[in-house]
Each structure stands twice: as C-alpha cells, then as structure tokens.
Amino acid sequence: ETRSADQDEFLQAVHEVAASVKDVVKTDDALQKSRIFERLTEPDRIIIFNVTWEDDGGDVHINRGYRVQHCGAIGPYKGGIRFHPTVDLSTLKFLAFEQTFKNALTGLPMGGGKGGSDFDPEGRSEREIMRFCQAFMDELFRHIGPYTDVPAGDINVGGREIGYMYGRYRRLTNRFTGAMTGKGLSYGGSPARVEATGYGLIYFLSHVLEAHLDKIDDKTIIISGAGNVALHAAEKAVALGAKVITLSDSDGTLLKEDGFSSDDINWIKDHKAKSGASLKAFTDDRGGTFKSGKKPWSIKADIALPCATQNEIDKDDAKALVDNDVKFLAEGANMPCTAKATKTIRESDMVYVPGKASNAGGVALSGLEMSQNADFERGEFDTLDTQLQSIMARIHDSCKDFGKVDDRIDYVRGANRAAFAKVSKALLAFGI
Ligand code: NDP
C-alpha cells in the first residue's frame, strides 16, 4: 500500500483480486508462509527509459518509456504496449497485474507484463510515428525476446507501430524470432489476431447467456469504443443475430436504433482506417444520431459491452445501466468500470464479467502466434478461430468451477480464484 500509495488504478486492481482470494489464502498455510499474494503485488521488474526522437521540423522530444515485467512464473512476460499521454506507472502496473491473471486463465504458458509511453501520436506524421517507435525499441530490444518477454499492441499501437518496432528489433538483434505479437501476416503474424479480442468477447458472452438459459440473437447491445475491440465485437454480435445500437469514441456516442448492419461496421472500419476521424461523419452518410460528449450507458439495452478504455463507466453510468434493467455486462476493455461502478453493478441483479475473463481472446491468439513462430509455421484462420472458441469456453468453465456462489456464477470471484490457483502453484513450486 505505502509503496504504491499514489497508484490508484493499481491499488484498485489489487484490492479486487485480494477480495476474491483472501479466504483461499487464509486457509492455506503454504500460501501464507510463502506470502504468495503479497509477492504477486510487486512486479518482478520495472524498466523505465528515455525515448528521445526528432519531429519533422527538427525539434527534439523526450518521452518516457516503460516496461513492467510483472510475473514470469508460468511463461515469458506477455502484454501490450500503449502510447497515450495518460500512460504512467500506475496504469501500467495495474494492466500488468491484470494481465498476469488473464494470461493464466487462457491455459497457455504466458506470464504477465505491460509497457508503453506517454507519447501522444495524435497529429503526428507517419515518419514521426516511425521515428518514435524506432527510438522506443532502441532501448526495449535488450529486455525482450521469445523466451523472455513478448510485447504486443494496445491503445494507439496497432499493426503499423508493431511493424516499425519489430523491424527495428530485427535489425538490432539480427534475429527473426517471435519477440512480438500482433505482427503483419507477411512477417510472422497470425491470422485471426486482429479479430480475436472482439470475437472472443462475443464467444464468452454466448457462454454466459447459455449458462443463464438465454441466447444472443435478438438481444439489444450497447457497445462503447470504435476501435479494434469494439468493432470486432460488434461484427461478431451482428453476425450472430444481435442488434448492436451504439458505438462511441472520444467525441461522443453514435446511436442507430434499428441496429448497425455489417455494411455499417465495415464503413466505420474503412473510415477510421483512412482518417482516424470521428464517428460523427457516419450520420451524414448512413443515418443514426450522434450524441456529442455523451457515453452510451443511459440508452436502454439488454447487454452492455464497454470496449473503449479504463474507468469509462463511473457510478452514475452504472446506476443508469441498473435502472434500465441491463441484464449482462461483459468487459471488452481493461477495467472499464471504476471501483464504485463495479460495486453498484455487483450489488444489482446484473451478471457482470470482468475483462480478464471476457477479453482474454486477444492474448490467447497472441499465445497461438508465439507457437506458430516457434515452429516456423503459419496457421489457418478457421483453425485458429476454432481454437479461440475452445479457449473462451475453457475460461468460462474455469469461472463456473471457481466462481460458484449458491446457485449463481460470480465471474469476478471465479476468474480471480482460477487464475490465482494456477500462478500460485507455480510460485510455490519454485520456493522462495
Ligand atoms: P483502439 O485504440 O483500437 O480503440 C480505442 C477506442 O476507444 C477508440 O474508438 C477511441 O476513440 C475510444 N476511446 C479511447 N479513450 C476514450 C475515452 N476516454 N472516451 C471515449 N472513447 C474513448 O483500442 P483497442 O480497441 O485495442 O482497446 C480498447 C480497450 O480494450 C483497451 O482498454 C485495451 O487495453 C483493451 N484490450 C485490447 C485488446 C486488443 O487485442 N486490442 C486485448 C484486450 C484488451 P478515439 O478514436 O476517438 O480515440
């Protein structure tokens, strides 16, 4: 607590896991004696570095780069890289901590890590982005590798940025290895990686509905975000017969009461890819209403899927969801609900699924990319999509087994306890 006193998001994530596992720890002498939970609250290693780069006008900029290697007990550190002005140690420590548990849930041998920089890519030219990525890798390369730490993308780090970083890594090390995931298909990337988080979220949601004797078709869904996770979740939900009525971005919420079609979603994908511009433009071309500065959470629906960013649902938003009788909330983003929002939701009848279970599809597919790289092989989309479906089903089974409370499933408890059981077993096996 004292060591991380000003790191609110990190403490929020730790408190949530602690609440789920404290009785397990209290009744197990070995866990207590080896102080396994406390050890898991301190990252194995944090690397902080200077990233100096030059803009198109010749001005020099200095950003801060980070890599938090949280826990490598069950495999190489694994987790994304985020470029955003809000990136700081608290955010990255919380993400790396969560990642450790999420990765354990996939059943694949991956430890937890996260990294990034306070660099703001908005308004930067292609060449500036490239120079920044190269400068970032000039330090990071010595800390990563296929058996050490395997970074991937996250907010503002997509295929383009991974390309620049991996290209620099390869040049510096003279090795073509699976040291990063989310790579382009022409240089060791995996089919289905781009779709995996959003699709995985919907596969998981389908199991949640099935466990509650319900089905996804004809359900009305509100989604936030219009990035990788949101758009692929929307695409799969619509393909399975659901009605997705919102998407959102930093400017506001796009509402289409009769539901987005697959063509609408493709239009948004193209529009975002071309210009990265606001969703507002959709209404001129394809109808709907744009609610400037508004979030989607006060709109009536059966299911809510927050897929934008952390803490995007506050207590009032949570209250609006409860008042509107939203039945299910599954997180696509990492920790999109504030602690107070989570409390409000968990005290209601809503079924709540934490991101570490429902958005684990992305990192699961990254794990499959690592296997393909290690074997010098390339998988097929359909095979990998089937593997993704089995992994999401397995995570749901773990949540069910570890999260049973009376006749209901507590997904938070289930996910935390299942993941903790796996990681703690490895730590105990290694001794002190
Ligand atoms: P993207 O950068 O592709 O998209 C993020 C979307 O969220 C954009 O539409 C962005 O709008 C919107 N957004 C960001 N901040 C805000 C805000 N403060 N208010 C409203 N909208 C906002 O990111 P991803 O889709 O990859 O990631 C989204 C979330 O999912 C993150 O929490 C990430 O950590 C998590 N995640 C991602 C995985 C992946 O495989 N990509 C895996 C697991 C989790 P705008 O375009 O205006 O900036």
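## Exercises on a ligand shell, two domains and a helix

The shell around the ligand is made up of seven nonpolar, 13 polar and three charged residues. Here Ala, Val, Leu, Ile, Met, Phe, Trp, Tyr, Cys and Pro count as nonpolar, Asp, Glu, Lys and Arg as charged, and the others, Gly among them, as polar. The model is predicted: local features need pLDDT of at least 70, side-chain atom pairs count only at pLDDT 80 or more, and totals for chains, interfaces and linings use all residues. Residues are numbered from 1 along each chain as its sequence is written.

**Exercise 1.** Find which residues come nearest to the ligand, and which elements supply the shell.

*Solution.*
1. A residue is near the ligand if its C-beta atom, placed from the backbone, lies within 6 Å of it. Of the 23 residues around the ligand, Gly227, Asp249, Ser250, Ala333 and Gly362 come nearest.
2. Helix 8 (228-239) and strand 7 (243-249) each supply at least two shell residues; helices (H or I, at least four residues) and strands (E, at least two) are DSSP runs, numbered from the N terminus.
3. Helix 8 gives the most, with three residues.

**Exercise 2.** Describe how the two domains relate to each other and to the ligand.

*Solution.*
1. The chain is divided into domain 1 (43-177) and domain 2 (195-349), with bounds from an automatic or database domain assignment.
2. Their centres, taken over C-alpha atoms, are separated by 27 Å.
3. Five residues of domain 1 are in contact with four of domain 2, where contact puts the C-beta atoms, placed from the backbone, within 7 Å.
4. The shell around the ligand draws at least three residues from each domain.

**Exercise 3.** Decide whether helix 14 (residues 361-374) is largely enclosed or not, and check its span.

*Solution.*
1. A residue is buried if 20 or more other C-beta atoms lie within 10 Å of its own, exposed if 12 or fewer, and partly exposed in between, with C-beta atoms placed from the backbone.
2. Because 11 of its 14 residues are buried, helix 14 is largely enclosed by the rest of the structure.
3. Among the buried residues are Gly362, Leu365 and Met370. Their cover includes strand 3 (77-83), helix 4 (89-105) and helix 15 (381-402).
4. The expected span is 1.5 Å times one less than the number of residues. For helix 14 this should be 20 Å, and its end C-alpha atoms are 20 Å apart, which agrees.
5. Just after helix 14, Phe376 takes a positive phi of about 50 degrees.
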